[in-house]
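The following briefing covers a helix pair, the nonpolar cores and one loop residue. Please consult the sequence and structure shown here.

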Amino acid sequence: MDKLREALDFCIRHQTVLGYSVVSLLTAISEHIFSSVLFKCPCNSGNMLYGLVFLLVPAFILFLLGYLMNPRTRHLLTGTCSQRKCRLWGTRTEYCLALIPVTARASVAPLTWVAVALLRASFYECAASGNGLIKNLVCKDKGQECHKLLVKIPCDQKLSEMVSSEFLSLQAQSQVVGWLLIASIMAVALIARCASHCCSPVSYPRLTFWEIYLKKEEELFKIEAKKQATKLAERNINCFFEGTAPAQFQSPSSEDWQSISYLYTFSEEEQYYSMMHKHVSTKEGNNVRPREGDQNPTALETVDEASASESGF
């Protein structure tokens with residue numbers, strides 16, 4: 001039991017990393033199935049289009065799914081087309097900054113697809129064999145026969161040594177690009193992570209407290225919302241079947257719901273941890289609005305990395 005408890009504690013502490021790992025693993029398995037079962041390079045003039053479709057289109061679909069399945073996307077977009085909320089939100093820059101962590105999470109699966117596909121080399125080899133620039137480099141001073149043989153390389157690996165003896169083979173090129181892509185992704189992720197924490201206006205212990213608070217607030221909000229919704233539904237159903245007048249039911253006003261729906265950004269002047277905290281702590285909670293000039297997106301993005309593991313990546 002102790003070992004099981006330790007394993008569960010480890011999973012809870014590292015649930016975000018484990019979640020990304022699972023997504024990457026499933027993406028790699030899907031790429032293997034696609035390349036092994038479905039992908040058949042035509043080995044003709046359509047090589048480039050066919051290879052690029054398998055390399056990039058699934059990655060684009062995964063990127064869109066990452067946006068679609070992230071609850072934070074719905075939070076950002078709900079009601080943004082109404083004039084009132086657009087004015088309150090402020091500049092487009094704030095939208096872009098809020099979308100940065102969402103985009104980063106949505107990019108995990110597509111980047112994994114592209115990286116794994118490049119390491120396996122099937123898609124790149126097919127696409128590159130039909131590319132005019134590659135043909136000119138590989139077949140320089142070798143005549144048109146070389147051009148005809150190059151497009152057949154994906155279907156006959158023995159031709160690779162004959163045609164591209166002076167250059168890296170197409171498979172080797174793909175693997176080199178794949179490793180460079182992986183190294184670039186890791187470098188950018190490390191720099192972004194370090195910059196995010198370096199520019200944070202709060203200390204690490206306080207940031208940890210903030211992360212815990214946001215998780216608990218979300219958990220308790222869902223529990224209480226379920227209770228209140230159940231009570232309201234029971235009241236309405238009972239009144240309908242019994243034919244009685246409904247008893248008064250205390251519910252947040254439209255202004256209350258609106259005031260807690262904005263994304264809170266940290267301010268040294270008003271040190272709250274969420275819009276809910278700010279709403280209930282101010283005397284005029286119904287008029288809570290995000291203020292211009294007190295935004296610190298870096299701190300917000302850092303906290304979001306932890307809170308996002310609750311319901312999506």
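**Structural briefing**

Q248 is exposed (over 50% relative accessible area, with a 1.4 Å probe and protein chains only), as its relative accessible area is 78%. This is a predicted model, in which local features need pLDDT of at least 70, side-chain atom pairs count only at pLDDT 80 or more, and totals for chains, interfaces and linings use all residues. Residues are numbered from 1 along each chain as its sequence is written, and side-chain values use heavy atoms, without hydrogens and water.

**Loop residue**
- Q248 sits in the loop that links α13 (204-242) with α14 (254-259).
- Between the C-alpha atoms of Q248 and R235, 13 residues apart along the chain, the separation is 9.7 Å.

**Helix pair**
- Helix α3 (residues 47-69) packs with helix α7 (residues 108-120) at about 160 degrees, their axes being 7 Å apart.
- This angle makes α3 roughly antiparallel to α7 (over 145 degrees).
- The contact (heavy atoms within 4.5 Å) involves F54, L55, P58, A59, L62 and F63 of α3, and A109, P110, W113, V114, A117 and L118 of α7.
- Of the residues in the contact of α3 with α7, 12 are nonpolar, none polar and none charged.

**Nonpolar cores**
- The largest nonpolar core (buried Ala, Val, Leu, Ile, Met, Phe, Trp, Tyr and Cys residues joined through side-chain atoms within 4.5 Å; buried means under 20% relative accessible area) has 21 residues.
- Those with the most contacts inside this core include L55 and V114.
- At least two residues of this core come from each of α3, α7, α8 (122-129), α9 (132-138) and α10 (144-150).
- Another core, of 10 residues, lies apart from it and includes V202, L207, L214 and M275.

How values were computed
Axes are lines fitted to C-alpha atoms, for helices over the stretch in contact, and angles run from 0 to 180 degrees between N-to-C directions. Helices (H or I, at least four residues) and strands (E, at least two) are DSSP runs, numbered from the N terminus. Angles under 35 degrees count as roughly parallel, over 145 as roughly antiparallel, 65 to 115 as roughly perpendicular and the rest as oblique. Ala, Val, Leu, Ile, Met, Phe, Trp, Tyr, Cys and Pro count as nonpolar, Asp, Glu, Lys and Arg as charged, and the others, Gly among them, as polar.
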